[in-house]
Amino acid sequence: NWNAFVFQNDAFNWGGRPVFHGYSARTNATLKSFWSVNLGASWSPKYYDDVLLRGGPEAAQPSSIYSDMSLGTDSRRRVVGNLSAAYAHDVLGGYSKEASIKIDFRPTSNVHVNVGPAFEQLYDTERWVRTIADTTANATFDRRYVLAALRQNTLSLETRMDVTVSPTLSFVMYVQPFVSAGRYNGFKEFQTPGQFDFAVYGANNFARDTISYDRKTQLYTIDPDKSGPAKPFTLGQPNFNFRSLRGNAVVRWDYRPGSSLYLVWQQERSDAVRYGEFQARRDVGSIFRTIPTNVFLIKATYWLAR
């Protein structure tokens, strides 16, 4: 079984931002072995983005391409797997790479386990950092819009287990560790509304602007025009390493028709530092060294017969 579709003015995501204008095509097939294959591709021409500058003027965004594929095994089997990947690239050199594996496992008729690790690499050449009020920035309506290139790596693992002990007793558990690291460089200033026009701070020794970094205070000091009328301003170090764990477990007991008792345990762990470098072992391990927040809940319902 083979199907193919072509769409115009489709919507897809690029670097966390929606792209609304473009063309896409998608095809899928189910083989005789009951394996499935999905392929898709999208292209977006240059467009105007009113979200990039967080309320500022429209900025032009470059044309980009996006493609994805997935391969799934026979869904009738006890173990079902799905492998998927996606890639996006724009003419300015930005890109996004994603890969994920999902495993659906039924060891017995009453136990169902889902495991889904996913990894993403992102390089965005135009990521908003901060907006500075400055009456000398006439071309951008008395605001300086500071952007930078962002390199980000994200790793997550979704795990879910459902166990049916009896027709009246069940157990559900969900756990998702998540780590993401991002590093900013190439700080620059938006110059002309509706264009790809940026001035990179400190691009050369003869530039009209300067940028310096104090490792002790973790602050950037930027002077947009050296001895000109614009005042220098500072930026905090935007690099980040965010680590978190979300988990919950629920026991449900239907102790009589229409009446249920729920026992719930929720745990959250989170931590953030400014390394900016992704190291899977260190970042995942740090999750379990943070102090957790535990919540225990009991909920009961009782059906009142008429």
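Two strands count as paired if DSSP finds at least two bridges between them, and a strand itself is a DSSP run of E with at least two residues, numbered from the N terminus. Keep that handy, since hairpins, sheets and cores all come up below. What you're looking at is a predicted model, where local features need pLDDT of at least 70, side-chain atom pairs count only at pLDDT 80 or more, and totals for chains, interfaces and linings use all residues. Residues are numbered from 1 along each chain as its sequence is written, and side-chain values use heavy atoms, with hydrogens and water left out.

**Hairpins and strand pairs**

- Strand β8 (residues 64-72) runs antiparallel to strand β9 (residues 79-90), and nine bridges hold the pairing.
- Six residues make up the hairpin connection from β8 to β9, and Met69 has Ala85 in β9 as its bridge partner.
- β9 also pairs with strand β10 (residues 95-108), again in the antiparallel sense, over 11 bridges; here Asn82 is matched with Lys102 in β10.
- The hairpin of β9 and β10 has four residues between the strands, and Gly93 in it takes a positive phi near 100°.

**A three-stranded sheet**

- β15, β16 and β17 form an open antiparallel sheet, in the order β15-β16-β17.
- β15 (210-214) and β17 (233-236) are the edge strands, each pairing on one side only.
- On average, neighbouring strands in this sheet are turned by 25° against each other, direction ignored (axes are lines fitted to C-alpha atoms, and angles run from 0 to 180 degrees between N-to-C directions).
- Five bridges link β15 to strand β16 (residues 219-223), and Tyr213 stands opposite Tyr220 in β16.

**The nonpolar cores**

- A nonpolar core is a set of buried Ala, Val, Leu, Ile, Met, Phe, Trp, Tyr and Cys residues joined through side-chain atoms within 4.5 Å; buried means under 20% relative accessible area, exposed over 50%, and partly exposed in between, using a 1.4 Å probe and protein chains only.
- The largest one has 12 residues, including Val146, Phe187, Tyr201, Tyr220, Phe233 and Leu235.
- β11 (111-133), β12 (143-166), β13 (169-190), β16 and β17 each supply at least two of its residues, and β12 gives the most, with three.
- Another core of six residues lies apart from it, with Leu52, Leu53, Tyr145 and Leu147 among them.
- Leu235 is in contact (heavy atoms within 4.5 Å) with Arg130, Val146, Phe187, Gln218, Leu219, Tyr220 and Ile222, leaving aside neighbours within four places in sequence.

**Rings meeting rings, and charges over rings**

- There are 10 aromatic pairs in the structure; rings of Phe, Tyr and Trp (its six-membered ring) pair if their centres lie within 6.5 Å, with planes under 30 degrees apart called stacked, over 60 edge-to-face, and the rest tilted.
- Tyr23 and Trp43 are a stacked pair, 6.3 Å centre to centre with 15° between the planes.
- Tyr23 is in strand β4 (residues 23-30) and Trp43 in strand β5 (residues 36-44), 20 residues apart.
- Tyr23 is partly exposed at 42% relative accessibility, and Trp43 is partly exposed at 41%.
- Tyr201 and Phe233 meet edge-to-face, at 6.5 Å centre to centre and 70° between the planes.
- Tyr201 sits in the loop between β14 (198-200) and β15 while Phe233 is in β17, so this pair ties together parts 32 residues apart in sequence.
- Tyr201 is buried at 5% relative accessible area, and Phe233 is buried at 8%.
- Phe187, Tyr213 and Tyr220 form one aromatic cluster.
- Arg76 lies over the face of Phe34, 3.9 Å from the ring centre (a charge sits over a ring if NZ of Lys or CZ of Arg is within 6 Å of the ring centre and within 35 degrees of the ring normal).
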